[in-house]
Amino acid sequence: MNTHRFLFFIMSVFLFTAVNAQKTMDCMQLLTVNENITTVITASEPVRFVDISTDKVVGDQPISNTIRLKPKEGVEVNRDGDILGVVTIVTERYRSQYGLVYTSRPEEAVTDKTILLDERTRYDNPAVSLSTEDMARYARRIWLSPSKGIRSSKKHKMQIALNNIYSVSEYFFLDFSVYNRTNIRFDIDQLKIKLQDKKKAKATTVQTIDLEPAFTLDRSPSFLHGYRNVVVIRKLTFPDDKILTIELSEKQISGRTISLKVKYSDVLSADAFSRSLK
């Protein structure tokens, strides 16, 4: 008898879990939309994928963690309460879905929507080996770690120094500092990571490849005497005739530029992120 009760309990739990693993429109969060109002949805982390299930609604992604939606005008006459479709938003670590409900009254349309915790379904995105939040956590630890003083260069009474290189998952973390020996504030124009030819031959075009950082810890617009940053790039290999360059340029009129060449041997000796830094 007890055995039968136990089996019945197990089956009940299984069925309850299976049913609750499914999501229907009845339990989906609804957003009212109108063709004259833009609905802005903001996620807590970068959005990697968006699907709008209907061609009655158009959307775009102006920045990494924000999407905009609006019903098309003149597609067909929509009635109040009509469900136009579903928008699916996939970030680095979760997935959210919303039913889009039409309203003819612009004042009822949702203009600003933040994805809440209870509207997120955990999702292990195979395209993301390291989330932006994880990168930030590692970078902050590295920023606080002692410098190994790998190499440095000087120009315009300034010095740029490579403190550390760490390897985490599919990424390199480049930790560097800039020291300004003048009393002139350095207004940052661009921070570039480049892969370029080591030697510049005469009458030869120098090939330069700009590498887009996956994450940059410090986005301060300027500094006076000291600056330290951690930049994350995807792991890469490059031949001996190429060199990795960290370049920091200043806004005009002064327009100072200081750069540091990172050898392939430096990259090969990158430390794994030890538990002491976690």
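Q: What makes the approach of the Q159 side chain to the side chain of S152 a polar contact?
A: In this predicted model, the two side chains come to 3.4 Å. A polar contact requires a pair of N or O atoms within 3.5 Å, one able to donate a hydrogen and the other to accept it, so the value of 3.4 Å qualifies.

Q: Why is Q159 called buried or exposed?
A: The relative accessibility of Q159 is 16%. Buried means under 20%, so Q159 counts as buried. Q159 belongs to strand β11 (residues 158-168). Leaving aside residues up to four places away in sequence, Q159 touches S152, S153, K154, S177, V178, Y179, R181 and I258.

Q: What makes Y138 and F173 an edge-to-face pair?
A: Their ring centres are 6.1 Å apart and their planes stand at 75 degrees. Rings pair if their centres lie within 6.5 Å, and planes over 60 degrees apart count as edge-to-face, so both conditions are met by Y138 and F173. A search of the whole structure finds four aromatic pairs, and this is one of them.

Q: Which parts does the pair of Y138 and F173 tie together?
A: Y138 is in helix α2 (residues 132-143) and F173 in strand β12 (residues 171-180), so the pair joins parts that are 35 residues apart in sequence. Against the limit of under 20% for a buried residue, Y138 has 13% relative accessibility and is therefore buried. F173, at 0%, is buried as well.

Q: Why is the pair of F223 and Y227 called stacked?
A: The ring centres of F223 and Y227 are 5.0 Å apart and the planes are at 20 degrees. Since planes under 30 degrees apart count as stacked, the pair is given that name. F223, with a relative accessible area of 4%, is buried, and Y227, at 7%, counts as buried too. Ring pairs also link F223 and Y227 with F176 and F186 into a cluster.

Q: How do you know that R137 lies over the face of Y138?
A: R137 is placed at 5.3 Å from the ring centre of Y138. The distance limit is 6 Å, with a further limit of 35 degrees from the ring normal; the value of 5.3 Å satisfies the distance limit, and R137 is assigned to the face of the ring.

Q: Why is F215 called buried or exposed?
A: F215 has a relative accessible area of 12%, and buried means under 20%, so F215 is buried. F215 is located in strand β15 (residues 215-216). Among the residues that F215 touches are T132, M135, A136 and V231.

How values were computed. Residues are numbered from 1 along each chain as its sequence is written. This is a predicted model: local features need pLDDT of at least 70, side-chain atom pairs count only at pLDDT 80 or more; totals for chains, interfaces and linings use all residues. Side-chain values use heavy atoms; hydrogens and water are left out. Rings of Phe, Tyr and Trp (its six-membered ring) pair if their centres lie within 6.5 Å; planes under 30 degrees apart count as stacked, over 60 as edge-to-face and the rest as tilted. Helices (H or I, at least four residues) and strands (E, at least two) are DSSP runs, numbered from the N terminus. Buried means under 20% relative accessible area, exposed over 50%, partly exposed in between (1.4 Å probe, protein chains only). Contact means heavy atoms within 4.5 Å.
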